[in-house]
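Me: Please take a close look at a single part of this model and describe it in full. Add what is needed to place that part in the whole.

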Amino acid sequence: MTFLNITTNARINFNAIVAINWLILIMMKNKSSVIKVIPNLQAAKKHVIKLSEKTIEKTKYINNFLSELTNIFLFINHTIKETFSREFEFREFTRQCFQIGYKTLPIISVTGTIMGMVLTIQSRPALVHFGAVSMLPGMIAVSIIREMGPVITALICAGKIGSGMGAELGSMKVTEQIDAMEVSSTNPIRFLVVTRVLAATLMIPLLVLYADALGILGSWAGANIKGDVTFVLFFSQAFSRVHFDDLLPAVIKTFFFGAVIGFVGCYKGYTAGRGTESVGIAANSAVVLSSLLVIIVDLIAVQITDLF
Amino acid sequence: MNATQTVTTSSAKTNSDNLVIEIHNLRKEFGEQEVLKNVSLQLKDGENLVVLGKSGSGKSVLIQCIIRLIDPDEGTISVLGKNVSALNSTDLGELRKKIGFLFQSGALYDSMSVKQNLEFPLQRIKKHLNQKEIDEKVNEVLENVGLSHALHKFPSQLSGGMRKRISLARTIIVDPMIMLYDEPTTGLDPVTSDGISSLINDVQKKYKTSSIIITHDIECARATANRVIMINDGEVYLEGNLEEFEKSTDTLIKSFFK
């Protein structure tokens, strides 16, 4: 059974529940001269009506949720199909790589450096207490490379890139630019969505590696605030603790972070409503949903890594 | 006059009586609201057909159905002999290359300059052109709309009238056979509106296009129409030439042509 069939059947079943509930409501609300109104029956009738109304409300909510889920699945399916199209929009793809990659460098530079510094300053006292301050560089490096660097960078990118995509595509939807693209025989999914999703998928891992490097640099700076450790010593201690199986799973999951941010940002923008308010809603919901999904993907990645 | 009436058309300046668009019994609803109930119309080769109607009467939905931005619920639309609803995405793409659509808001791409906006459809539809030919074509259409100086500007730097003219330039640059205008003069001052109406006539003469012009601007209708259809409440209310509309004693039509 395909995913589409499951959600369609679930919708049909819920629609049947809604129909039955409406029937109960109509029967209950119709006054019949044959049925004598007894106080207990009247109370039961009210309770059933209330219950039916709540059930209808819930089924409509679930119906909408399942419809949304189907739309997301179809959107992802369409995007993946267009990714392997012969007429790939290479020029737009490189422009998006520049927008997503190069233009995010300043904020990632600041975030990465501060992340390393803060982590070092916070961790140092505990390690000094245990007389294990020599383990500080290694601990920071492993923390940044395995978890802090990828997740914090992805969350920053979800805010900057995800909201940017949601707002840009949302405003294009509102001002009929996407329709204009469609009527000029350009596939808007191929031009707008595929290029952005691919660019995000490829650029975010590079941004994460950049953030990791700056994080370790910031950690060295942080270590020198209260201590005194040379650059060479710090880095040799840091990388002596880092292994290939710290780096590889972290890099792999950043590709998924990038894909999630790209898909969510594009989906929210592409399916924005027709009013200007919907542009703000698209941008906001793109950030919220992509941030949440980054955390969930991280959890799944950690569980999978743990198996090995 | 409440029933749909077809008045004899005057001598429209058409090249032939070949039909480029035929619509039969078109119906479209959004939820419980029936926007188009039973619309049938024809567009002849070389003519400007003006579709008048109040706001919300379904005019924009009509032309969006023609180019299949919206799928109708019932009815058939035939464009250049092809049933639009039955086309697959490749054939629909090929058909759309022959149709120009001028959006109400202009729909210029904000992230691209005027030059890039004009090159965009040309590079995709006329792939055989080299860059020199593309540049010549861009300069030619900009000259036609009187905006040669706006080549390197961005849409945010243009006035409403300039944006509409650049949008028109972007539409005609691919030499379409059919033009669909969605409220071309909305939001523009009378002088600029006259300019747009003149451009519509110039496009008809120079590019030999057949056009459907959706508008509630009577001056634009007067300037451009070979034939007029009025849509009211999702149905064709009256069809004829401009003179018959102007002389009509029907209350609704008189309210338009005050």
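**Helix α4 of chain A in its setting**

Reply: Chain B first, as background: of its 258 residues, 44% count as buried. This is a predicted model. Chain B holds nine helices and 11 strands. Its radius of gyration is 18 Å, close to the 18 Å that the globule rule gives for 258 residues, so chain B is as compact as a globular protein of that length. Along the principal axes, the C-alpha atoms of chain B fill a box of roughly 55 × 45 × 40 Å. Among contacts in chain B between residues at least 6 apart in sequence, 69% join residues at least 24 apart.

Chain A touches chain B through 10 residues, which are in contact with 13 residues of chain B. By class, the chain A side of this interface has two nonpolar, five polar and three charged residues.

Within chain A, the domain assignment gives domain 1 (3-83) and domain 2 (90-307). Eight residues of domain 1 of chain A are in contact with 10 residues of domain 2 of chain A. On the domain 1 side, three of these residues are nonpolar, four are polar and one is charged.

Now the part itself. Helix α4 of chain A covers residues 105-129, 25 residues in total. From its first C-alpha to its last it reaches 37 Å, close to the 36 Å expected at 1.5 Å a residue. The helix nevertheless bends by about 30° at S123(A), and a proline, P125(A), follows within four residues. After α4(A) comes G131(A), with a positive phi near 65°.

The buried residues of α4(A) are I108(A), T111(A), G112(A), T113(A), M115(A), G116(A), M117(A), L119(A) and T120(A). They pack against two helices of chain A, α5 (136-174) and α7 (188-226).

L119(A), a residue of helix α4 of chain A, shows this packing for a single position. It has 20 other C-beta atoms within 10 Å, and a residue counts as buried at 20 or more, so L119(A) is buried. Leaving aside neighbours within four places in sequence, L119(A) is in contact with I140(A), S143(A), M148(A) and S219(A). The pair L119(A) and S219(A) is separated by 100 residues in sequence, yet the two lie 7.3 Å apart in space, C-alpha to C-alpha.

Key:
Residues are numbered from 1 along each chain as its sequence is written. Chains are lettered from A and ligands numbered from 1 in the order in which they are written. This is a predicted model: local features need pLDDT of at least 70, side-chain atom pairs count only at pLDDT 80 or more; totals for chains, interfaces and linings use all residues. The expected span of a helix is 1.5 Å times one less than its number of residues. The bend at a residue is the angle between axes fitted to the seven residues ending there and the seven starting there. A residue is buried if 20 or more other C-beta atoms lie within 10 Å of its own, exposed if 12 or fewer, and partly exposed in between; C-beta atoms are placed from the backbone. Two residues are in contact if their C-beta atoms, placed from the backbone, lie within 7 Å. Domain bounds come from an automatic or database domain assignment. Ala, Val, Leu, Ile, Met, Phe, Trp, Tyr, Cys and Pro count as nonpolar, Asp, Glu, Lys and Arg as charged, and the others, Gly among them, as polar. The radius of gyration is taken over C-alpha atoms; the globule rule is 2.2 Å times the number of residues to the power 0.38.
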